[in-house]
Amino acid sequence: MEHRTVSLRCGPNRYEVTVPEGVRFQYAALRPAHRPEDPAAAVRAALDHPVGAPPIEQVVRPGQKVCIISDDNTRMTPVPLILRELLPRIEGAGVPRENIFIVMALGSHRYMTQEEMVSKLGQDIFDRYRVYNSEFENPDQLVQVGSSELGTPIRVFAPAMEADVRIGIGSVVPHGCMGWSGGAKILYPGITAADIVSEFHVMQGLRNEVLLGMVEAPTRLAVEKWTEQIGLDYIVNTVLDENMQLCHVSAGHYVQAQRQAVSHARQIYGIPLRQRPDVVLTCAYPIHMDFWQCGKAAYGPASVLPQGGELLLLAACSEGVGPHPKILDYMGMDQGQQELERRVQTRQTGEDLLTMAVGVSMGRVARQCRMTLISDGMTQAQCAQAGMWHRAESQLQQALEEALARRTDPFLLILSEGGEAVPIWI
């Protein structure tokens, strides 16, 4: 018999919610995964047996300049664990420490503070190596390496392009634009100019299908093709469990190693469904920073909810809307996709196009269903601006009961880690 009271995480807080008697429901958490007893040994094993590439000691050469590209503080990758195994191998192959530097791949996210960099990398690594935020709006720090299919100049963080070898570090989780993260994404658009970040998201905004969980999404294939022009020599990708603990590591070629990691990630993040839900309560955990990030937890439910269904999104949004506040306007735009297509055809670029692309995708979800954001980090007025309903976190139980009452004999799906869950049919 299923327990009718479940606990959901929202930022630093936990909330209990009770499913009313008589309501059919499925509670779905990420599936349990085997954790290696020694995570460092798992990293060493991946580096010893890379996929589609020689060991890193054979990739680098004595005296070369090496750029390590790491995901930023919106991701949970155990970067210090990886670097403490990777860096000695690079130096042991003859690369002096002063020739190695680390770039935080921001995409279009805000700059990381020094304190955040220390937390992400570890104090010991931060003190011994040069660390940079990538630059997406500073033309003096960008260099052109080609053009995209739409004719947009592919401009990349210049110090990374001055390196002889580029190594990417990140995690593989479901991604609304790429299907799955990891691999080439750390470079493209991780350290590219804002207009390329925009174009990356435009590819999602122009598609009516949900790309989340697609292994070879068209966006990913395009990014991998473009990455050939830029050059990504090696990656280390991790897969984490529901508690953000390491359960798998892949190293090697940026395509082949990423696909291996995806095969493991699907076993954890894929949520088998018993039947199509009428109401979904999804928790954005482990994402919490802002709505720009937390909104990603809506894509999975959108792939299984019927037109007119109910979507409740529990999300801390501790920094409010986030770095692109106009997303709310674009979500509420009735003809958003047509306007996005017009701007693409007239080759308009920049931050506004990026925000519109994501807003159009999110607005499509909000119009497909009745979407309620349950968050103390956002206001009722902001949600109304985006075409959503709003409830405070203390009103979680009330919001659920109201949603169920609007349906006849509803089937409820609860996703406890909706920020990384991919509902799949069985």
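# A chat about strands and Ser70

User: Which residue in β5 is the bridge partner of Val66?

Analyst: Ile100 is the bridge partner of Val66 in β5. One note early on: this is a predicted model, where local features need pLDDT of at least 70, side-chain atom pairs count only at pLDDT 80 or more, and totals for chains, interfaces and linings use all residues. Residues are numbered from 1 along each chain as its sequence is written, and side-chain values use heavy atoms, with hydrogens and water left out.

User: Cool! How do β4 and β5 pair, and over how many bridges?

Analyst: Residues 66-71 make up strand β4 and residues 100-105 make up β5; the two run parallel, with six bridges between them. Strands here are DSSP runs (E, at least two residues), numbered from the N terminus, and they pair if DSSP finds at least two bridges between them.

User: What sheet are they part of?

Analyst: An open, mixed sheet of six strands, ordered β6-β5-β4-β9-β12-β13. The edges are β6 (130-133) and β13 (246-252); each has a single partner strand, so one side of each has no neighbour in the sheet.

User: New topic: where does Ser70 lie, and is Ser70 buried or exposed?

Analyst: Ser70 lies in strand β4. Ser70 is buried (under 20% relative accessible area, using a 1.4 Å probe and protein chains only), with a value of 1%.

User: Which residues does Ser70 touch?

Analyst: Leaving out residues up to four places away in sequence, Ser70 touches Val79, Ile102, Val103, Met104, Ala105, Lys120, Leu121, Ile169 and Ile186. Contact means heavy atoms within 4.5 Å.

User: Do any of those belong to β5, and which residues does β5 cover?

Analyst: Strand β5 covers residues 100-105, and the residues touched by Ser70 include Ile102, Val103, Met104 and Ala105.

Conventions: Helices (H or I, at least four residues) and strands (E, at least two) are DSSP runs, numbered from the N terminus. Buried means under 20% relative accessible area, exposed over 50%, partly exposed in between (1.4 Å probe, protein chains only).
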